Protein chains: 2
Amino acid sequence: MDRLGSQLDFVQEAGRLKGVLRQTVLARPARRENSAEHSWHLALMALALAGHAPAGTDIGRVTAMLVIHDLVEVDAGDLSVYADGAARARQEAAEHTAAERIFGLLPPDQAHELLGLWLEFEERVSPEAKFARALDRLQPMLENVRVGGGTWTSWAVTADEVLEKVALIEDGSASLGLFARQMIEQAVRDGILTPGASADPAAR
Amino acid sequence: MDRLGSQLDFVQEAGRLKGVLRQTVLARPARRENSAEHSWHLALMALALAGHAPAGTDIGRVTAMLVIHDLVEVDAGDLSVYADGAARARQEAAEHTAAERIFGLLPPDQAHELLGLWLEFEERVSPEAKFARALDRLQPMLENVRVGGGTWTSWAVTADEVLEKVALIEDGSASLGLFARQMIEQAVRDGILTPGASADPAAR
């Protein structure tokens with residue numbers, strides 16, 4: 001098949017991400033979020049919050065990473081960040097198989113390039129991947145605060161479990177990590193998040 | 001307000017784009033498309049179809065433009081590309097007012113930068129804006145073919161009206177313009193698009 005045909009097959013298959021529902025519940029519109037609009041929101045956050053990335057971070061690369069980061073869910077579906085270890089291991093294997101298939105729809109040179117970008121996001125070593133992953137963790141927290149609990153309530157998550165996730169935000173952006181920590185402390189004070197043992201500052 | 005507070009206000013307000021429904025009907029999931037997931041799909045197309053942009057086109061800038069191009073619809077809503085001239089003039093005025101308000105939520109330097117990027121998209125002079133606008137025109141055509149008519153049927157559009165829109169795709173990308181023209185000729189042969197006067201090659 002010609003290059004354009006392969007590229008359009010990839011674009012069409014990727015479009016199915018609009019039908020993958022996440023755990024996150026939105027305030028407005030009041031419904032569950034899908035992974036395509038989530039990916040868009042993260043790309044927008046990369047543009048708006050670029051100043052919170054470490055100096056020298058390539059924001060164009062962050063944006064591209066966020067646009068493709070959830071494509072594997074077309075095959076593998078979405079899993080809560082609060083799922084247990086066994087479920088996460090199964091999900092990881094399914095996502096790697098999905099990545100080979102979906103990026104493999106592209107001409108080989110582009111498949112190689114985008115699979116590499118996806119792996120970079122997953123491995124979370126480069127400043128770009130760390131910042132992208134920080135935004136991916138921050139966005140559902142913002143939505144949970146907005147709806148007054150969201151997945152924190154439906155999954156019976158405690159503040160200490162959320163604070164574990166904040167470590168990943170801090171690793172990508174010091175200022176966003178600090179903001180997330182303060183937001184969680186406020187959520188506990190507001191009664192929309194249950195305090196956990198390590199929510200006590202002295203225990204951290 | 002501090003910069004982060006302003007940036008997060010903008011991010012939150014922008015999220016309402018998930019609730020703006022477009023005319024485009026998707027095949028899978030079978031429902032109308034919203035403007036947030038549409039923007040994501042276009043950003044993905046920019047990455048996958050980058051090779052069809054004129055040499056030297058800054059794809060990072062195209063992607064950023066596509067991520068923000070529909071934000072004005074949070075206030076102004078979506079309008080069909082086949083709406084009449086008076087409706088389009090009203091829409092244009094509403095979109096400019098919306099752009100001032102929505103980008104104005106950001107700190108002034110960022111508001112200036114993103115408003116400029118949106119105006120660049122609207123003015124369609126730079127190669128980046130021309131390529132971004134070409135993708136914005138191509139994507140609904142791809143969806144219409146996929147669902148066997150879509151807005152072409154519901155708006156009773158003829159091939160000559162669609163071919164007028166193809167001129168804008170050709171202006172952004174010669175190869176995508178050629179592809180779109182062939183796709184429309186095929187759609188007429190397949191009976192999912194009504195032939196119009198200028199669908200006769202001799203009349204173009």
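A residue is called buried if 20 or more other C-beta atoms lie within 10 Å of its own, exposed if 12 or fewer, and partly exposed in between, with C-beta atoms placed from the backbone. Keep in mind that this is a predicted model, where local features need pLDDT of at least 70, side-chain atom pairs count only at pLDDT 80 or more, and totals for chains, interfaces and linings use all residues. Residues are numbered from 1 along each chain as its sequence is written, while chains are lettered from A and ligands numbered from 1 in the order in which they are written.

**Exercise 1. Odd backbone spots**

Task: Is A:Ala156 buried or exposed, and what is its phi?

Solution: Start with the location: A:Ala156 sits in the loop between helix H8 (151–154) and helix H9 (159–172) of chain A. Helices here are DSSP runs (H or I, at least four residues), as are strands (E, at least two), numbered from the N terminus. Now count neighbours: A:Ala156 has 10 other C-beta atoms within 10 Å, so it is exposed. Its phi is positive, about 50°, although it is not a glycine. Most residues other than glycine have a negative phi, and most peptide bonds are trans.

Chain B offers B:Arg124, also not a glycine, with a positive phi of about 55°. B:Arg124 is in the loop between H6 and helix H7 (127–147) of chain B. With 16 C-beta neighbours inside 10 Å, B:Arg124 counts as partly exposed.

For the peptide bonds, go to A:Arg28 and A:Pro29: the bond from one to the other is cis, with omega near 5°. A:Pro29 lies in the loop between strand S1 (21–25) and strand S2 (32–34) of chain A. In chain B, the bond from B:Arg28 to B:Pro29 is cis too, with omega near 5°.

**Exercise 2. One helix, two faces**

Task: Work out which residues of H5(B) are buried and what they pack against.

Solution: First check the length. Helix H5 (residues 85–103) of chain B has 19 residues and should span 27 Å at 1.5 Å a residue; its end C-alpha atoms are 26 Å apart, which agrees. The expected span is 1.5 Å times one less than the number of residues.

Next, pick out the buried residues: B:Glu95, B:Ala99, B:Ile102 and B:Phe103. Looking down the axis of H5(B), they fall within an arc of 80°, so they line one face of the helix. That arc is taken from the directions from the helix axis to the C-beta atoms. Turned away from this buried side are the exposed B:Ala86, B:Ala89, B:Ala93, B:Thr97 and B:Arg101.

Finally, the partners: the buried residues of H5(B) pack against helix H1 (3–14), helix H4 (73–76) and helix H6 (108–123) of chain B.

**Exercise 3. How the copies meet**

Task: How many residues of chain A are in contact with chain B, and which element gives the most?

Solution: Contact requires C-beta atoms, placed from the backbone, within 7 Å. By that rule, 33 residues of chain A are in contact with 33 residues of chain B. Helices H1 (3–14), H2 (35–48), H3 (59–68) and H10 (174–189) of chain A each give two or more residues to this side. H2(A) gives the most, with ten residues.

As a last step, compare the two sides: 100% of the interface residues of chain A are also interface residues in chain B, so the copies meet through the same surface.
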